[in-house]
Amino acid sequence: VQLGAFKRRLSPSNFSDAGKVLEMSTDNGLYRYLAGSYATFDDAAKGKVEMLSKGYVGAFIVAFKDGKRVSLTDVGAIPAPAPVKNADTDENTAAQAVTKTSVVFKVQIGVFRAEPPAEMKEKFKTVKDIEHSATSAGLTRYTAGEFHTLAEAQKLKTELKAKGIDGAFVVAFYKDEFISIQEAQELLK
């Protein structure tokens with residue numbers, strides 16, 4: 001089941017809920033991400049439904065024979081009447097494999113081992129809707145805002161810096177997992 005094809009290589013954490021994911025580079029420079037390996041079309045269809053339910057809205061079944069991608073009809077499978085576009089040739093289809101609303105930008109205003117210092121707590125009082133979450137290193141990350149575009153997050157970052165929160169910067173998440181800004185932008189394409 002192909003989850004997507006992208007111009008840039010993505011972190012495996014973007015597909016953490018899809019089980020074992022295989023990354024393949026294509027001749028035209030795309031990185032294709034595949035989940036599962038199935039012996040029958042029916043099993044692959046069940047795998048596709050599972051990936052769709054996990055938010056991979058553009059997931060579709062692909063077939064391989066002797067290590068090469070082939071059409072479904074070449075391996076005896078009869079796909080649904082509506083033809084599926086090849087993600088290798090249609091960038092829009094590749095982007096559709098990701099639920100864009102799952103990509104979120106926030107402004108990080110601090111990371112602390114314990115409580116923020118008193119001076120920072122005072123500055124935080126001027127910020128609406130501060131959230132905090134644990135990092136993988138056991139620290140507490142404080143963020144503000146939740147946006148679906150980088151420009152909106154950068155606007156808040158500028159406002160926070162004007163309020164004296166000098167270390168504010170934009171961070172990105174996909175399905176609540178921390179990712180790089182570059183990965184977020186690639187997922188939104």
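Student: Which residue does Lys121 form a salt bridge with?
Tutor: In this predicted model, Lys121 forms a salt bridge with Glu115, and the closest N and O atoms of the two are 3.0 Å apart.

Student: Are those two buried or exposed?
Tutor: Lys121 is partly exposed, with a relative accessible area of 37%, while Glu115, at 55%, is exposed, because the cut-off for that class is over 50%.

Student: OK, and how many salt bridges are there in the whole structure?
Tutor: Searching the whole structure turns up eight salt bridges.

Student: What about Lys175, which residue is on the other side of its salt bridge?
Tutor: That is Asp17, with 3.2 Å between the closest N and O atoms. The pair links distant parts of the chain, 158 residues apart, since Lys175 lies in the loop between β9 (169-174) and β10 (177-179), whereas Asp17 lies in the loop between β1 (2-6) and β2 (21-25).

Student: And how accessible are they?
Tutor: Lys175 counts as partly exposed at 24% relative accessibility, and Asp17 is partly exposed too, with a relative accessible area of 27%.

Student: Switching to Glu131, which side chain does it meet in a salt bridge?
Tutor: The side chain of Glu131 meets that of Lys106, at 2.9 Å from N to O. This pair also links distant parts of the chain, with Glu131 in strand β7 (residues 130-134) and Lys106 in strand β6 (residues 103-112), 25 residues apart.

Student: Why does Lys106 count as buried?
Tutor: Lys106 has 12% relative accessibility, and buried means under 20%, so that is its class. Glu131, by contrast, is partly exposed at 37%.

Student: Which residues are linked with Lys106 in a network?
Tutor: Glu131 and Glu146 are linked with Lys106 in a network of salt bridges.

Methods:
Residues numbered from 1 in each chain as written. Predicted model: local features only at pLDDT ≥ 70, side-chain atom pairs only at ≥ 80, totals over all residues. Heavy atoms only, no water. Salt bridge = Lys/Arg side-chain N within 4 Å of Asp/Glu carboxyl O. Helix = DSSP H or I, 4+ residues; strand = E, 2+ residues; numbered from the N terminus. Buried < 20%, exposed > 50% of the residue type's maximum accessible area, 1.4 Å probe, protein only.
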